[in-house]
Amino acid sequence: MKFIGNVLATIVGIFVFFMVLFFGIALISALFGGDGDKVKIKDNSVIELDLSEVKQDYGGKFNFAEFNYFRAQHNGVVDVLNAIEAAKSDDKIKGISIVNNTAMIGIAQRKAVRDKLEDFKKSGKFVVAYANAYTQGEYYLDSVADTLYVNPVGELDFKGLSTEILFFKDFQDKTGVKMEVIRHGKYKSAVEPFLENEMSPANREQMTVLLNSIWSTVVDDISKSRKIPVDSLNAIADNLGARTPELAKAKKLIDKIAYEDEYHNGIRRALKVEKEEEYNKVNILDYARNVANTNADYETKDRIAIIYAQGEILSGEGDVSYIGEGSMRRSLEDARNDDNVKAVVLRIDSPGGSALTSELIWREIELTKKKKPVVVSMGNLAASGGYYIACNANTIFAEPNTITGSIGVFGTLPNFSPLAKKIGINAEQVKTHQNASGYSVFEPLEENYKNVVLEGVEHIYNTFVSRVAAGRKMTFAQVDSIAQGRVWAGKDAIKIGLVDKMGGLDQAIKHAASLAKITEYKTEDYPEYNKTIQDMLRGLTGGVSMFQSREALIKEQIGEEGYQVIEQIRRAKQQRGVQALMPFELVIQ
């Protein structure tokens with residue numbers, strides 16, 4: 001009987017194991033998504049350019065070693081660009097339709113998509129767009145279309161750019177919760193939100209220059225597409241001269257005032273489809289997955305590695321939403337040790353973060369550069385630590401409206417001593433040596449400890465500036481004069497030597513190929529993120545994988561403005577060690 005019991009127990013154990021394995025893989029697929037089956041593309045089809053699910057440049061590759069399970073995502077901006085490129089020569093695709101586009105991507109990413117659509121139109125195929133109402137970001141992207149429609153009771157938001165920075169000095173004084181800021185002596189505007197209640201004249205001046213530079217790129221592109229002089233567009237923005245459909249059409253910002261059913265009837269006419277028939281559509285991400293799964297080139301051996309660094313720079317493995325030294329170090333090691341990889345393109349979209357992690361990644365790039373060319377392609381943002389990991393590349397590319405620079409470091413220490421005093425909490429320390437207790441959030445910052453941290457900040461600032469000076473072939477004094485935390489638009493950064501060339505990822509890849517002296521090559525995407533069962537469980541309970549849904553839920557409950565306050569506090573709490581980070585979030589509206 002005992003033998004039979006053991007056999008039954010073994011059978012049950014095996015059954016449970018395979019059930020766990022099956023449901024585990026199902027859970028991973030649910031959490032991280034998947035490509036699913038290929039979609040059949042019918043003749044006479046139109047691509048629907050829906051970017052609502054596109055968040056980053058790179059969708060990511062995920063490896064669950066415990067399950068021997070691998071999944072590649074194809075829902076990044078780069079996948080969209082590849083899909084539009086492929087559609088240009090696909091006989092089954094006749095055009096691209098943009099309906100109520102609600103993209104969450106940044107300005108530089110919108111420009112990249114916009115430029116690719118402009119190139120797509122050269123094939124003779126159409127691009128048309130419709131919106132119930134255009135936000136300014138949506139209009140910038142959609143204005144590339146041959147024909148723009150707006151709903152008869154819709155509107156068009158066209159008023160120029162603005163940004164809002166939150167200041168916390170009064171908040172800290174009233175609550176008794178403050179941030180102790182330790183910074184490089186000349187590093188002024190970057191930490192103003194914690195020290196002041198209003199913007200300094202110098203900071204206002206640099207933000208004005210930045211916004212005007214970005215706006216000039218936006219308005220130049222719209223001017224070329226809509227054949228409206230830049231001066232006229234600026235006058236329209238000043239006077240809100242396109243706020244109604246009738247005004248927008250009179251000023252030639254849109255072509256037709258119509259309902260969505262009339263818009264689709266226009267597409268039917270272009271496709272020669274009967275008015276009552278459905279025309280063939282394919283979602284851009286479905287088409288992107290098809291392209292990714294059918295364009296594999298197994299004959300070409302030479303490769304260019306594209307390594308995506310997107311999000312805040314933190315410690316640990318990394319993910320599609322943040323940069324960690326684990327996945328970045330592994331990616332750079334793999335690329336430089338692979339004889340088939342002839343060059344590396346580092347695609348950066350980051351406000352910076354941990355100075356230590358930035359230094360670790362910088363070192364891996366330095367080692368890689370000794371073996372093969374490294375080219376940087378900047379996306380929306382490559383600032384502070386994001387610039388730190390870019391500065392030693394052979395060549396740096398940026399879009400005209402990329403935000404970069406912010407060369408500076410600081411340390412922030414949360415301090416609750418005013419609050420503790422208000423509510424009657426007293427902290428007492430017992431220690432064996434003078435500096436043994438280090439820093440207590442319940443006691444005022446001691447001058448001795450502050451001096452020690454300041455020494456570290458100064459050391460890292462000097463290291464940062466020295467890294468930039470060596471990488472950009474400038475003197476320390478030259479870099480220091482344009483550092484101090486100042487941010488620059490890409491088109492201005494090229495004038496002061498922080499950037500080499502204007503262009504997107506495609507131009508960076510072609511340049512890397514020329515440096516490597518290769519003409520036939522394929523690209524390979526990195527990083528591949530190593531995931532564990534614990535990562536999967538964190539996703540189930542609202543961890544990193546669920547961050548977007550939690551963000552949406554919080555915004556729904558407290559509104560965009562309230563969420564910005566919470567996000568600033570969250571970022572401050574997460575900061576450990578000296579930071580090479582833009583300490584405020586630049587939200588351009």
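**View 1. Strands β6 and β8 sit side by side in this predicted model.** Here you can see strand β6, made of residues 147-150, joined to β8 by 2 bridges. The two strands run parallel. To find your place, look for Val-150, which stands opposite Ile-257 of β8.

**View 2. Zooming out, β6 and β8 turn out to belong to an open sheet of 6 strands.** Follow the strands across in the order β8-β6-β5-β4-β1-β9, and you'll see that the pairing is parallel. The edges are β8 (256-257) and β9 (280-283), each of which pairs on one side only. As a reminder, strands of a sheet pair through backbone hydrogen bonds, either parallel or antiparallel.

**View 3. Helices α3 and α7 pack against each other.** Helix α3 covers residues 107-121 and α7 covers residues 201-226. Their axes are 12 Å apart and meet at an angle of about 20°, so α3 counts as roughly parallel to α7. On the α3 side, the contact comes from Ile-107, Lys-111, Arg-114 and Glu-118. On the α7 side, look for Ile-214, Thr-217, Val-218, Asp-221, Ile-222 and Ser-225. The crossing of α3 past α7 is left-handed.

**View 4. Asn-380 of strand β15 reaches two backbone nitrogens with its side chain.** Strand β15 spans residues 374-383. Asn-380 has a relative accessible area of 14%, which is under 20%, so this residue counts as buried. A polar atom of the Asn-380 side chain lies 2.9 Å from the backbone nitrogen of Ala-108, and the backbone nitrogen of Ile-107 lies 3.4 Å from a polar atom of that side chain. Beyond its sequence neighbours within four places, Asn-380 also touches other residues, including Gly-106, Asp-349 and Thr-402.

Definitions and conventions
Residues numbered from 1 in each chain as written. Predicted model: local features only at pLDDT ≥ 70, side-chain atom pairs only at ≥ 80, totals over all residues. Heavy atoms only, no water. Pairing = 2+ DSSP bridges. Helix = DSSP H or I, 4+ residues; strand = E, 2+ residues; numbered from the N terminus. Buried < 20%, exposed > 50% of the residue type's maximum accessible area, 1.4 Å probe, protein only. Polar contact = N/O pair within 3.5 Å; in protein donor to acceptor, adjacent residues only side chain to side chain. Contact = heavy atoms within 4.5 Å. Axes fitted to C-alpha atoms, helices over the stretch in contact; angles between N-to-C directions. Parallel < 35°, antiparallel > 145°, perpendicular 65-115°, else oblique. Left-handed = near helix turned anticlockwise from the far one by under 90°.
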